[in-house]
Amino acid sequence: MSGFKKKIFAVFVSGIGSNLQAIIDAVENGIIKGKIGIVVSDKPNCKALECSRLANIKTFAFEPKKFSSRKEYEILIADECEKAGCEFIVLAGYMRLLSPWFVAQYKNRIINIHPSLLPNFPGTHAIQDAIEAGAKMTGCTVHFVDEGIDTGSIIAQREVVISNDDDLDSLTEKIHLAEHELYPKIVNLLCCNKIEKRQLQTLACVRKF
Ligand code: GRF
């Protein structure tokens, strides 16, 4: 037995959870040498929570409207992450902006995946925006989370070619495939303490469909 102590991390979700499932699979297959300590969601009925329950992962779901302020529920979230022993946080389709207070609690320890090649097409409609702009290439970006919207420093990107016949659905599917390959690898780098050295070196790789 080696003395390697597995890092524990949290995954925050709001939606379908396909990235969460890719991360769960990668943990189970040993591609990620770490452990999900808790899955946090602001949508108690989202599909992503089914994935975590099926995998027997502790979950914490909350309804923002039941709190008087963002700080109030963020204190609870931070507490739950701490109790679960989480060293970093992986946002996987979490649709809420984190407050500067929360970001400061986990400085350089929160990552996100975004469905475009940032800094192009930040925001919530990145895939549609790329189509409407007539872009020939888009992709996904893993980045550290700072106080802004999709502005934190970029860790890795993967390109996806946009074909003439792509629509929102087909392009979303291609980008998801790229995300499911890229995100677990980057989560593993964080688990193995390899991220800071590589942070400025983009791991870009073209995948054609
Ligand atoms: C992904 O496309 C990700 O880039 C964005 O939200 C989406 C989440 O999808 N941040 P899923 O819930 O992981 O299927």
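Let me start with a definition: a salt bridge is a side-chain nitrogen of Lys or Arg within 4 Å of a carboxyl oxygen of Asp or Glu. Hello everyone, and please keep that in mind as we look at this structure, which is a predicted model. By that rule, the count comes to nine salt bridges.

Let's visit three of them. In one, glutamate 87 pairs with lysine 7, and their closest N and O atoms are 3.8 Å apart. What does this pair tie together? Glutamate 87 sits in the loop between α3 (70-83) and β4 (88-91), while lysine 7 belongs to strand β1 (residues 7-13), so the bridge joins parts that are 80 residues apart in sequence. As for their surroundings, glutamate 87 is partly exposed, with 31% relative accessibility, whereas lysine 7 is buried, at 15%. If you wonder why lysine 7 gets that label, it is because buried means under 20% relative accessible area.

Next, please find arginine 96. Its salt bridge is with aspartate 42, and here the closest N and O atoms are 2.8 Å apart. Arginine 96 is in the loop between β4 and α4 (100-105), and aspartate 42 is in the loop between β2 (34-41) and α2 (47-54), so this pair connects parts 54 residues apart in sequence. Arginine 96 is partly exposed, with a relative accessible area of 30%, but aspartate 42 counts as buried at 4%. There is also a third partner to point out: Asp42, Lys43 and Arg96 are linked in a network of salt bridges.

Our last stop on this part of the tour is lysine 58 with glutamate 80, whose side chains meet in a salt bridge at 3.7 Å, N to O. Lysine 58 lies in the loop between α2 and β3 (59-61), and glutamate 80 in helix α3, so the pair ties together parts 22 residues apart in sequence. Is each partner buried or partly exposed? Lysine 58 is partly exposed at 40% relative accessibility, and glutamate 80 is buried at 12%.

Now for the aromatic rings. A pair of aromatic rings is described by the distance of the centres and the angle of the planes. The count of aromatic pairs comes to nine. One of them is phenylalanine 67 with tyrosine 73: their centres are 5.7 Å apart, with 70 degrees between the planes, and the arrangement is edge-to-face. Why edge-to-face? Because planes over 60 degrees apart count that way. In this pair, phenylalanine 67 is partly exposed at 21% relative accessibility, and tyrosine 73 is buried at 6%.

Elsewhere, ring pairs link Phe12, Tyr94, Trp101, Phe102 and Tyr106 into a cluster. From tryptophan 101 in that cluster, we can look across to serine 163: the two are 62 residues apart in sequence and 42 Å apart in space, C-alpha to C-alpha. Serine 163 lies in the loop between β7 (154-161) and α6 (168-191) and is partly exposed, at 26% relative accessibility.

Finally, the ligand. Which residues are around it? Among them are Ile16, Gly17, Ser18, Asn19, His114, His176 and Glu179. An N or O atom in the side chain of serine 18 is 2.5 Å from an oxygen atom of the ligand. For asparagine 19, a polar backbone atom is 2.9 Å from a ligand oxygen. Glutamate 179 has a polar side-chain atom 2.4 Å from an oxygen of the ligand. Taken alone, the ligand exposes 370 Å², and the protein buries 86% of that. Thanks for listening!

Terms used. Residues are numbered from 1 along each chain as its sequence is written. Side-chain values use heavy atoms; hydrogens and water are left out. Rings of Phe, Tyr and Trp (its six-membered ring) pair if their centres lie within 6.5 Å; planes under 30 degrees apart count as stacked, over 60 as edge-to-face and the rest as tilted. Buried means under 20% relative accessible area, exposed over 50%, partly exposed in between (1.4 Å probe, protein chains only). Helices (H or I, at least four residues) and strands (E, at least two) are DSSP runs, numbered from the N terminus. A residue is near a molecule or strand if one of its heavy atoms lies within 4 Å of it. A polar contact is a pair of N or O atoms within 3.5 Å; within protein, one must be able to donate a hydrogen and the other to accept it, and residues adjacent in sequence count only if both atoms are side-chain atoms. Accessible areas come from the Shrake-Rupley method with a 1.4 Å probe; for residues, only the protein chains shown count as cover.
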